[in-house]
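Reader: I am new to this structure and would like to talk it through. Could you show it to me before I begin with my questions?

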Amino acid sequence: MSPEGVRPGRPVAVVTGAAKGIGFGIARRLERGGFTVSAWDVELSPLESRQAFAHAVAMDVTAPHAVARATHKTLATLGRIDVLVNNAGVNGPTLPAWEYPMDDWERVLAVDLTGVFLCCRAVIPHMRERGGGRIVNISSVVGKEGNAKAPAYSAAKAGVIGLTKSLAKDLVDDGVMVNCVAPAMVDTDLLAEMTDEYVAMVKAKIPMGRLCTVEEVADMVAWLAGPECTFCTGAVFDLSGGRATY
């Protein structure tokens, strides 16, 4: 997690929630694709047993001062931010709205939506000054359709889609492309936070009959962050196994 091994001139990608799960997979894929990765996460200890990224910052995406500090640290060490991947997220409990605790509602919205906004707000001025950049937000097919017993997660991920489209229009003349990925349920350790009944219910909605993999999400993000993506902004890229209908 030190800057040792950083290669000057390589593009820099910030990935939030990069210490494990989807974020770790995305960060590793971008690293293999030629990026220097700055891993942002509220808890970096999962990286201690793995080969460290070039740079890592312990931070909380829900705290404006922490986001600003992480941005400053990354720029001070690596000199640039070419790509921002807003992946950090939580699921929250699986309960209907009338039983949903307010503190869980606020926590899910803070991490899954406000955190995306705060990271974008902090990094965009640098990208505009440099004359370009890529932002990839991780939403969910749930943001399009909603899931029963997931009111906060559904609302937050729908908000990420709307925020993505708004930012893309604001930045279209600045060379900054903003897109989002909307996977179906992904096979990660976070499934342990959900009931077996809920996982079975969601899996049954996927025509392919399986969950999305971390590698599939990471490959899509890598394309959106890479030089081949030249005419896509404000778009939602589905990884739903046939579930998405629009």
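Author: We can go through the aromatic pairs, the nonpolar cores and two of the helices, bearing in mind that this is a predicted model.

Reader: Let us start with the rings. How many aromatic pairs are there?

Author: The count comes to two aromatic pairs. One of them joins Phe24 and Phe53, which are tilted, with 5.6 Å centre to centre and 55 degrees between the planes.

Reader: Where do Phe24 and Phe53 lie?

Author: Phe24 belongs to helix H1 (residues 21-32), while Phe53 is in the loop between strand S2 (36-41) and strand S3 (55-58), so the pair ties together parts that are 29 residues apart in sequence.

Reader: Is Phe53 buried or exposed?

Author: Phe53 counts as buried, at 2% relative accessibility. Its partner Phe24 counts as buried as well, at 16%.

Reader: And which residues form the other pair?

Author: Trp223 and Phe237 form an edge-to-face pair, 6.0 Å centre to centre with 65 degrees between the planes. Trp223 lies in helix H7 (residues 214-225) and Phe237 in strand S7 (residues 236-239), so this pair ties together parts that are 14 residues apart in sequence. Trp223 is partly exposed, with a relative accessible area of 33%, whereas Phe237 counts as buried at 17%.

Reader: What lies over the face of Tyr246?

Author: Lys144 does, at 5.2 Å from the ring centre.

Reader: Now the interior. How many residues has the largest nonpolar core?

Author: The largest nonpolar core has 34 residues, and those with the most contacts inside it are Val15, Ile26, Leu30, Val85, Val181, Val217 and Val221. Two or more residues each come from strand S1 (12-16), H1, S2, strand S4 (83-86), strand S5 (133-138), H7 and S7.

Reader: Which element gives the largest share?

Author: H7 does, with eight residues of this core.

Reader: What is Ile26 in contact with?

Author: Leaving aside neighbours within four places in sequence, Ile26 is in contact with Val15, Val85, Asn87, Ile138, Val217, Ala218 and Val221.

Reader: What about a second core?

Author: There is a second, separate core of 26 residues, which includes Ile81, Val160, Leu163 and Leu167.

Reader: Let us change topic to H2. How many residues has it, and how far does it reach?

Author: Helix H2 (residues 64-78) has 15 residues and reaches 21 Å from its first C-alpha to its last, close to the 21 Å expected at 1.5 Å a residue.

Reader: Which residues of H2 are buried?

Author: The buried residues of H2 are Ala66, Val67, Ala70, Thr71, Thr74 and Leu78. They are on the same side of H2, because they cover an arc of only 135 degrees around the axis.

Reader: What covers them?

Author: The cover over the buried residues of H2 includes S1, S2, S3 and helix H3 (102-130). On the face of H2 turned away from the buried side are the exposed residues His65, His72 and Ala76.

Reader: What follows H2?

Author: Gly79 follows H2, and the phi of Gly79 is positive, near 85 degrees.

Reader: One last helix, H6. Which residues are buried there?

Author: In helix H6 (residues 196-203), the residues Tyr198, Val199 and Val202 are buried. Their arc around the axis is only 100 degrees, which puts them on the same side of H6. The face of H6 turned away from its buried side carries the exposed residues Asp196 and Glu197.

Definitions and conventions: Residues numbered from 1 in each chain as written. Predicted model: local features only at pLDDT ≥ 70, side-chain atom pairs only at ≥ 80, totals over all residues. Heavy atoms only, no water. Phe/Tyr/Trp six-rings, centres within 6.5 Å; stacked < 30°, edge-to-face > 60°. Helix = DSSP H or I, 4+ residues; strand = E, 2+ residues; numbered from the N terminus. Buried < 20%, exposed > 50% of the residue type's maximum accessible area, 1.4 Å probe, protein only. Lys NZ or Arg CZ within 6 Å of the ring centre and 35° of its normal. Core = buried A, V, L, I, M, F, W, Y, C linked by side-chain atoms within 4.5 Å. Contact = heavy atoms within 4.5 Å. Expected span 1.5 Å × (residues − 1). Arc of directions from axis to C-beta.
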